[in-house]
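This report goes through internal spaces, a buried charge and some unusual backbone geometry. The sequence and structure come first.

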Amino acid sequence: MDFELVPFSELDVDDDFFDSLKDDYPGFAEWFEKKANTNCTAYVKRPNGRISAFLYIKDEPECEPVGNLPAMPRIKIGTLKIDESAGNMRHGEGAVGIALWKWAMSGIDQIYLTVYPKHESLIGMMEGFGFKQYGTKNGEIVLVKDKRNLDLSETKYYFPFLLRDGRTKIIPIEAEFHDRMFPICGVSDVNTFEEGMPVGNGITKIYIASPRTKIDYRINDVAFIYRMSKEHPGVNSRLTAYCVIESVKVVKVNGDPKINEQKFLDLTGNKTVFTNDELRALYARNNVYIIGMLYSGTLKMDSSLNYNWLRRNGLFDTHPYNIQLSIEDAEKILEEGGIDVQSAFID
């Protein structure tokens with residue numbers, strides 16, 4: 001189950017999940033009730049009916065000094081809590097992805113949150129996404145991410161934006177595996193949550209490519225996800241999402257193993273949609289690559305970005321693995337997919 005956008009009024013502030021927040025913030029229960037009475041909403045993860053993640057983003061941008069920064073419009077993450085019992089389910093990564101996606105759509109330069117120093121894992125996670133410390137506020141550390149001075153040395157640091165000077169590729173994925181990996185992008189019977197916002201347990205995805213020949217993907221490449229359908233492929237095979245390549249590992253080339261099977265299984269971890277049996281079957285093929293990527297956005301569900309459209313527009317003239325698009329091609333696809341091109345890229 002993905003994150004749900006839930007009214008505060010449907011949640012119980014006496015749920016054990018909120019105990020630590022009430023301990024940290026003596027007025028939390030009263031604040032929560034006020035939000036419930038004013039029809040505010042939050043993003044909630046509730047596997048098995050129990051809250052495991054909670055994200056509240058302030059409805060309107062703030063414009064006041066924070067930490068050692070002057071007043072200016074900022075998106076504020078008002079509350080972010082991940083239950084420790086979630087373990088390696090990567091709910092925190094998914095929540096941060098939602099916040100950053102909404103920030104990118106807002107057109108505002110900065111997003112921030114405050115967190116007590118004792119919450120080291122949360123601070124570490126936010127810093128892993130490029131947030132930097134800018135002083136304190138009421139005993140809490142102020143963490144800010146600013147679109148104007150993003151660190152481009154790591155893909156997560158500039159997530160969810162795309163680089164204009166990078167390459168643009170296509171990753172073809174069979175429909176069965178695509179719909180496990182990108183459930184909100186399927187053709188039917190999927191959750192079209194929040195107009196296709198890229199939400200799931202995490203934004204980091206791993207795909208196992210097994211092409212017939214050598215392929216060329218590089219870190220920082222933009223990659224459009226192409227869902228391959230066997231039924232009416234001209235219409236149903238289409239681009240559904242876009243990602244940024246985070247890592248590429250060569251597992252086997254022309255039958256020559258570069259990584260042994262056990263290490264291959266260890267590397268894929270909980271970020272792939274394949275079962276162990278499927279992974280072993282993939283490992284038996286001649287060419288195998290592990291492609292790590294950050295799920296940056298979803299193209300609108302009713303877009304015409306199918307095989308027929310791509311062919312008519314001269315964007316599909318070889319096998320998808322071998323396609324390399326220009327920046328103009330990428331902008332055309334994003335625009336057709338309902339994405340604001342100006343807010344998608346950073347220079």
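A salt bridge is counted when a side-chain nitrogen of Lys or Arg lies within 4 Å of a carboxyl oxygen of Asp or Glu. Buried means under 20% relative accessible area. The model is predicted.

## A buried lysine

K169 belongs to strand β10, which spans residues 168-174. K169 is buried and has no salt bridge. The nearest side chain of opposite charge is that of D216, at 5.1 Å. Because a salt bridge must fall within 4 Å, that distance does not qualify.

What does the side chain of K169 reach at 3.3 Å? The partner is the backbone oxygen of D216. D216 therefore appears twice in the surroundings of K169: its side chain is 5.1 Å away and forms no salt bridge, while its backbone oxygen is reached at 3.3 Å.

## The largest pocket

The largest pocket holds about 1100 Å³ of space. It is lined by 43 residues, and those closest to its centre are L21, L80, K81, V115 and L122. Six elements are listed as giving two or more residues to this lining: the helices α1 (19-24), α2 (28-37), α3 (91-106) and α4 (120-128), and the strands β5 (73-82) and β6 (110-115).

Which element gives the most to the lining of the largest pocket? Strand β5 does, with seven residues. Sorted by class, the lining has 16 nonpolar, 12 polar and 15 charged residues.

## The second largest pocket

The volume of the second largest pocket is about 490 Å³. Its lining has 21 residues, of which E174, S210, P211, R285 and Y321 are the closest to the centre. At least two lining residues each come from β10, β11 (204-209) and α9 (276-283). Strand β10 is also the element in which K169 is found.

Helix α9 makes the biggest contribution to this lining, with three residues. The lining of the second largest pocket divides into 11 nonpolar, six polar and four charged residues.

## The enclosed cavity

How many cavities of 30 Å³ or more does a search of the whole structure find? There is one. The volume of the largest cavity is about 60 Å³, and the residues that line it are G130, K132, Y134, V144, K145, D146, N149, L150, D151 and Y157.

Strands β7 (132-137) and β8 (140-146) are the elements that give two or more residues to this lining. The largest share, three residues, comes from β8. By class the lining of the largest cavity comprises four nonpolar, two polar and four charged residues.

## Backbone geometry

The peptide bond between F159 and P160 is cis, with omega at about 10°. P160 sits in the loop between α5 (155-158) and β9 (162-163).

Two residues that are not glycine have a positive phi: H232, at about 50°, and N254, near 50°. H232 is in the loop that connects β12 (222-228) to α7 (233-236). N254 is in the loop between β13 (238-253) and β14 (256-257).

Are these residues buried or exposed? H232 counts as exposed because its relative accessibility is 61%, and N254 counts as exposed because its value is 63%. The cut-off for exposed is over 50%.

Terms used:
Residues numbered from 1 in each chain as written. Predicted model: local features only at pLDDT ≥ 70, side-chain atom pairs only at ≥ 80, totals over all residues. Heavy atoms only, no water. 1 Å grid on protein atoms, 1.4 Å probe; cavity = no way out; pocket = protein on both sides within 12 Å on 5 of 7 lines; lining within 4 Å. Points joined across faces, edges and corners; volume = space filled by probe spheres on them. Helix = DSSP H or I, 4+ residues; strand = E, 2+ residues; numbered from the N terminus. Nonpolar A, V, L, I, M, F, W, Y, C, P; charged D, E, K, R; others polar. Buried < 20%, exposed > 50% of the residue type's maximum accessible area, 1.4 Å probe, protein only. Lys, Arg positive; Asp, Glu negative; His and termini not counted. Polar contact = N/O pair within 3.5 Å; in protein donor to acceptor, adjacent residues only side chain to side chain.
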